[in-house]
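Thank you for making time for this today. I would like to walk you slowly through one protein model, so please have the sequence and the structure open while I talk.

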Amino acid sequence: MTVHKWLAKHRLLAGCVIGITLSFLSLAAQSPSSSNSAGTQAVVQGYVNDAHGQPLPGAQVHLTGEAGILLTQSDSLGAYQFSKIAKGTYRIRVEFQGFQTGSAGPFTLAQAEAKRIDFHLQPNTHAQTALGAPEFFDQPQFTISGVTDTTNLGGHASAMRGPAADSLSKEIVPLGATRPAPASNAALEQAARAQADNSPGDFQANHSAGRLLLENRKPRDAMPYLQRASRIQPKNYDNSYLLAQAYAAAADYANARDLIANMLAGQNRAELHHLLANVEEKSGHALEAEREYQQAAKLDPSETNLFDWGLELLTHRAVEPAMEVFRNGQRRFPQSARMMSGLAVASYDAGAYDQALQQVCEAADLNPGDPAPYLLLGKMQNADNGQSASLARLARFVQLQPENAWANYYYALALWKRRKGPQDLATSTQVEGSLKKAVRLDPTLAQGYFQLGVLYAERKDLPAAIASYEKAIETGPQLEEAHYRLAQAYFASGQTAKGQQEIERYKAVSKTKAEQIDRDRREIRQFVYTVQAPAPDRQQ
């Protein structure tokens with residue numbers, strides 16, 4: 001069964017965007033800087049998710065007590081919080097358009113108690129019908145992810161999430177997919193240009209000059225020579241293909257698309273479909289790109305064609321079809337590290353975390369010297385529940401590449417996850433050393449500074465924590481968790497004005513991310529709905 005036929009069979013209900021979510025640390029594991037600064041008042045916090053665990057940003061959360069009603073909204077990751085609450089009896093209610101109301105209580109808060117209450121709201125069937133949601137015949141069989149990537153050592157509720165599929169899929173792209181730029185030979189280029197310029201009617205001279213410039217990654221310089229050769233021999237396939245490549249590399253997508261279409265009218269080749277797919281993807285036409293990648297894989301099921309088709313599906317969250325493609329590719333190419341990595345990302349996005357970790361470890365073993373599987377494993381490690389396999393691979397990553405900042409960073413996270421609590425000073429010291437080395441190797445590694453801040457906050461070293469959080473924000477101003485944790489550290493140290501300022505910055509960053517998530521979801525829905533109708537195969 002082809003992916004298109006599969007998708008045509010399983011129509012999706014509009015708005016059904018199901019994401020992966022992963023809570024890996026309890027509120028009890030928070031550092032002192034994330035608790036209320038007064039020390040004598042209570043905190044209520046948690047998540048608002050749908051029935052599948054997908055965050056519901058903007059949900060109205062009402063906390064009712066003897067003193068009245070407090071109101072807040074869930075943030076971009078579905079997290080909410082009420083702080084500095086007096087002890088007493090409370091009820092809580094959550095409302096979100098299109099979903100049934102959630103409630104909890106009555107419950108009693110003791111002095112300085114931190115209570116976590118999560119909500120999993122059920123869809124309001126009547127409301128969906130009233131809104132005109134289309135009917136569906138079969139339950140959707142694949143999921144779509146739409147959460148952000150925050151890997152941390154322990155933070156407040158809004159950070160307790162696993163990485164999104166799109167960020168994971170970016171890690172598998174470099175696996176065997178690129179080649180290093182050739183060494184430039186200025187004298188050779190100059191000679192080729194001179195020969196072509198002196199012989200404008202010589203096909204071979206112009207074709208050779210264009211090829212050399214394109215191979216040296218100078219597509220705009222190559223275009224005039226390849227165009228001149230094309231005018232001399234308009235039906236020469238090799239020259240036309242090079243010219244199409246030059247157009248695509250120079251971001252001249254309109255000319256690239258037209259030229260490839262003309263070539264396909266004469267020869268239905270896999271490499272032409274693959275090149276056209278690249279052009280469509282870079283042009284922002286995901287649906288057309290997916291169809292062209294599929295056609296390329298149908299004509300030539302090579303490792304590259306199958307991988308790129310699966311990656312396109314995975315990038316746009318058609319997870320089960322992507323998994324099918326990667327499985328077939330892995331059976332054909334069992335030694336392909338990037339095929340196994342693609343399968344691992346698809347498994348992760350489908351919620352099969354143990355399987356995903358096993359697969360990415362296998363990918364790392366297939367090519368131990370390649371950093372990409374380790375980087376992928378580092379992003380996934382929040383789901384490993386302390387598996388020694390992940391720690392062993394990340395330890396090997398550091399051993400093989402001791403001067404790689406990300407190797408040291410992810411190894412530090414793996415160590416922290418396995419420490420025996422705040423009293424485990426030996427592991428804490430080792431984590432600190434790895435994080436310090438990571439930021440020394442890469443002074444722009446905002447996540448490294450942030451994690452150092454979390455570590456210092458756990459030690460109750462507020463000056464060091466504040467300095468680390470400030471450095472994290474300086475190098476990564478969009479790291480929303482850093483704003484939140486810095487605010488808590490300011491509050492705890494009595495710097496109320498600075499703390500409130502950071503809370504406002506945190507809210508602004510969260511709002512921006514929520515808007516981006518909403519845009520991404522709309523694009524994902526459009527892709528998944530439209531891909532159900534396959535384009536007719538081109539005939540030779």
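How many helices and strands does the secondary structure of the protein come to? The count is 22 helices and eight strands, and I should say at once that this is a predicted model, so everything that follows is computed from it, as the DSSP runs that define helices and strands are too. Of the 540 residues in the protein, buried residues make up 52%. If we take the contacts with a separation of 6 or more, 63% of them are accounted for by residues 24 or more positions apart.

Let me turn to the interior. In soluble globular proteins, nonpolar side chains tend to be buried together. Here, the largest nonpolar core has 71 residues, and those that touch the most other members are Trp309, Phe326, Met380, Leu394, Tyr409, Val431 and Tyr469. Helix α17, which covers residues 405–417, gives this core its largest share, namely 10 residues. There is also a second, separate core of 28 residues, with Leu212, Ala250, Leu276 and Val279 among them.

One buried residue that I would like you to find is Phe397, which is found in helix α16, residues 388–400. Its relative accessible area is 0%, so Phe397 counts as buried, the cut-off being under 20%. Once its neighbours within four places in sequence are left aside, Phe397 is in contact with Pro371, Tyr374, Leu375, Asn404, Trp406 and Ala407. As for Asn408, Phe397 lies 11 residues from it in sequence, and the C-alpha to C-alpha distance between the two is 8.4 Å.

Now to the packing of helices, where I have chosen two pairs. Two packed helices are described by the angle between their axes and the distance between the axes. In the pair formed by helix α5 (residues 203–215) and helix α6 (residues 219–232), the angle is about 155 degrees and the axes are 8 Å apart. That angle is over 145 degrees, which means that α5 is roughly antiparallel to α6. The crossing in which α5 passes α6 is left-handed. Residues making this contact include Phe203, His207 and Leu214 of α5, together with Pro219, Tyr225 and Ile232 of α6. Sorted by class, the contact of α5 with α6 has 10 nonpolar, three polar and three charged residues.

The other pair is helix α12 (residues 319–332) with helix α13 (residues 337–349), which pack at an angle of about 150 degrees with their axes 9 Å apart. These helices, α12 and α13, are therefore roughly antiparallel to each other, and their crossing is left-handed. Among the residues that meet here are Val319, Met323 and Phe326 in α12, and Met339, Leu343 and Ala346 in α13; Phe326 was also named earlier, in the largest nonpolar core. The residues of the contact of α12 with α13 divide into seven nonpolar, four polar and two charged.

I will finish with some details of the backbone. Most residues other than glycine have a negative phi, and most peptide bonds are trans. Arg217, in the loop between α5 and α6, has a positive phi near 60 degrees, and with a relative accessible area of 44% Arg217 is partly exposed. Ala251, in the loop between α7 and α8, has a positive phi near 65 degrees, and at 45% relative accessibility Ala251 also counts as partly exposed. Lastly, the peptide bond that joins Gly105 and Pro106 is cis, with omega at about 5 degrees, and Pro106 is found in strand β6, residues 102–109.

Definitions and conventions
Residues numbered from 1 in each chain as written. Predicted model: local features only at pLDDT ≥ 70, side-chain atom pairs only at ≥ 80, totals over all residues. Heavy atoms only, no water. Axes fitted to C-alpha atoms, helices over the stretch in contact; angles between N-to-C directions. Helix = DSSP H or I, 4+ residues; strand = E, 2+ residues; numbered from the N terminus. Parallel < 35°, antiparallel > 145°, perpendicular 65-115°, else oblique. Left-handed = near helix turned anticlockwise from the far one by under 90°. Contact = heavy atoms within 4.5 Å. Nonpolar A, V, L, I, M, F, W, Y, C, P; charged D, E, K, R; others polar. Core = buried A, V, L, I, M, F, W, Y, C linked by side-chain atoms within 4.5 Å. Buried < 20%, exposed > 50% of the residue type's maximum accessible area, 1.4 Å probe, protein only.
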